[in-house]
Amino acid sequence: MGEMSFKRPDGGLCNGYLAAPAAGGKAPGIVVIQEWWGINDQIKGVAERFAAAGYRALVPDLFRGKVAMEAKEAEHLMNGLDFADAASQDIRGAVQYLKATGSAKAGVTGYCMGGAVAVLAAAFVPESDAHVTWYGYPPLEYVDATRIKVPMLGHWATHDQFFAIAGVDALEARLKAAGVNFEFHRYDAKHAFANEQADSMNLPPLGYNPEAAELAWKRTLAFFAAHLR
């Protein structure tokens, strides 16, 4: 458990944070994709929570060691990210690593910016077995739903000022047209409703909602149990 590195499909290295259950290395895997803050203690805690639920959880370091403390810095880091490269190389490499080192099945989940990357990765990572996205989607013109063969679960905030719910409706229509196996849930909440540190960021569009967070977590565990175990 802790800091590690793995190979991308192109042969390059990506650092990450790995949390593993006490049962050992044969547990199913989950790639956890960071918010725009980077790999901070909060997202490491999410990985540890998945580990406590019996999964090997790997957080790829998409920002290459950089962690933002305030929104302008986070936005700058996010704007510098090559989303297609992150999905097709960092996330795919993480899934491949988990499967090569003991996990028979592996899924992907992401939050905020990571949710958008998770949607892209559903098309870019054929080795993945299940995807869960939390309140984040990319520009829809980049989503080739015909390439998505993996089951998807989505958690969306109806009062999200960063990712408008109208975009969720459009994504849903695109997935339906392509025959994707997906399940979307909408919550009466703000963006980042599952981040217990959201209220401390002093950003009005963010809001931690423990009730919505717990319901979404239970649905996520049930979804992964159905597809990864």
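In this predicted model, Thr109 of strand β5 has Val132 as its bridge partner in β6. The two strands, β5 and β6 (residues 131-134), pair in the parallel sense, and 4 bridges hold the register between them. Following the chain from β5 leads through α4 to β6, a β-α-β crossover that is right-handed. Strand β3 (residues 29-33) also runs parallel to β5, joined to it by 5 bridges; here Ile30 finds its bridge partner in Gly107 of β5.

With these partners in place, it is worth looking at how β5 itself is covered. Strand β5 spans residues 106-111, and 6 of its 6 residues are buried. Ala106, Val108 and Gly110 point one way from the strand, while Gly107, Thr109 and Tyr111 point the other way, and burial holds for both sets.

Helix α4 (113-124), met above in the crossover, returns in the second largest pocket, where its 3 residues make up the largest share of the lining. Together with α3 (83-100), α4 is one of the elements that give two or more residues to this lining. The pocket has a volume of about 160 Å³, and its lining includes Phe83, Leu120, Phe124, Tyr137 and Phe163. By class, the lining counts 10 nonpolar residues, with no polar and no charged ones.

The largest pocket holds about 220 Å³ of space. Its lining comprises 13 residues, and those nearest the centre are Val46, Arg49, Ala194, Glu196 and Trp217. Helices α1 (41-52) and α6 (210-228) each contribute at least two residues. In this lining, 8 residues are nonpolar, 2 polar and 3 charged.

Terms used. Residues are numbered from 1 along each chain as its sequence is written. This is a predicted model: local features need pLDDT of at least 70, side-chain atom pairs count only at pLDDT 80 or more; totals for chains, interfaces and linings use all residues. Side-chain values use heavy atoms; hydrogens and water are left out. On a 1 Å grid over the protein atoms alone, a cavity is a set of points where a 1.4 Å probe fits but cannot get out, and a pocket is an open set with protein on both sides within 12 Å along at least five of seven lines; lining residues have an atom within 4 Å of a point. Grid points are joined across faces, edges and corners, and a volume is the space filled by probe spheres set on the points. Ala, Val, Leu, Ile, Met, Phe, Trp, Tyr, Cys and Pro count as nonpolar, Asp, Glu, Lys and Arg as charged, and the others, Gly among them, as polar. Buried means under 20% relative accessible area, exposed over 50%, partly exposed in between (1.4 Å probe, protein chains only). Two strands pair if DSSP finds at least two bridges between them. A crossover is right-handed if, with the strands pointing away from the viewer, the path from the first strand over the helix to the second runs clockwise.
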